[in-house]
Amino acid sequence: MTDHDAIAVEDVRPRFLAKTTMARKAADAGISATKNELIMMGRKYGRLVVLVDPKQTTMDCAA
């Protein structure tokens, strides 16, 4: 965490990852806990953590 000034993370919504409501809730809780811990660690070390909209994040830049 001390090697970077800023960290960008996709703001993932795991609806498509699970077939049942219970599995969706478990996946959402796990991802939310991970994002919250990353944000807290960023604050602790004075780093910027940005949650990025996942839309089109896997596309290559034309330039």
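**Close-ups of a small β-α-β model**

Asp11 and Lys35 form a salt bridge, and their closest N and O atoms sit 2.5 Å apart. The pair ties together distant parts of the chain: Asp11 belongs to the loop between strand S1 (6-10) and H1, Lys35 belongs to helix H1, and 24 residues separate them. Keep in mind that this is a predicted model.

**View 1. The salt bridge itself.** How many salt bridges does the structure hold? Just one. Side chains of opposite charge can pair when their charged atoms come close. Here, the side chains of Asp11 and Lys35 also count as joined by a polar contact of 2.5 Å. Are the two partners buried or exposed? Both Asp11 and Lys35 are buried.

**View 2. Lys35 and its surroundings.** Zoom in on Lys35, which lies in helix H1. Why does Lys35 count as buried? Its relative accessible area is 14%, and buried means under 20%, so Lys35 makes the cut. Look past the residues up to four places away in sequence, and you'll find Lys35 touching Glu10, Asp11, Val12 and Leu51. With one of these, Asp11, Lys35 shares the side-chain polar contact of 2.5 Å.

**View 3. Asp11 and its surroundings.** Now hop over to the other partner, Asp11, in the loop between S1 and H1. Which residues does Asp11 contact, once neighbours within four places in sequence are set aside? They are Lys35, Leu51, Val52 and Pro54. Leu51 turns up in the contacts of Asp11 and also in those of Lys35.

**View 4. Helix H1 from end to end.** Helix H1 takes in residues 21-44, which makes 24 residues. From its first C-alpha to its last, H1 reaches 34 Å, close to the 34 Å expected at 1.5 Å a residue. An α-helix has 3.6 residues a turn, so residues three or four places apart point the same way. After H1 comes Gly46, and its phi is positive, near 70 degrees.

**View 5. Stepping back to the whole protein.** One helix and two strands make up the list of elements here, and along the sequence they follow the pattern β-α-β. Of the 63 residues, 11% count as buried; Asp11 and Lys35 are both buried. Take the contacts between residues at least 6 apart in sequence: 66% of them join residues at least 24 apart. As for the outside, the accessible surface comes to about 5300 Å², and 56% of that belongs to carbon and sulfur atoms.

How values were computed
Residues numbered from 1 in each chain as written. Predicted model: local features only at pLDDT ≥ 70, side-chain atom pairs only at ≥ 80, totals over all residues. Heavy atoms only, no water. Helix = DSSP H or I, 4+ residues; strand = E, 2+ residues; numbered from the N terminus. Buried < 20%, exposed > 50% of the residue type's maximum accessible area, 1.4 Å probe, protein only. Contact = heavy atoms within 4.5 Å. Areas by Shrake-Rupley, 256 points an atom, 1.4 Å probe, with all protein chains shown as cover. Expected span 1.5 Å × (residues − 1). Polar contact = N/O pair within 3.5 Å; in protein donor to acceptor, adjacent residues only side chain to side chain. Salt bridge = Lys/Arg side-chain N within 4 Å of Asp/Glu carboxyl O.
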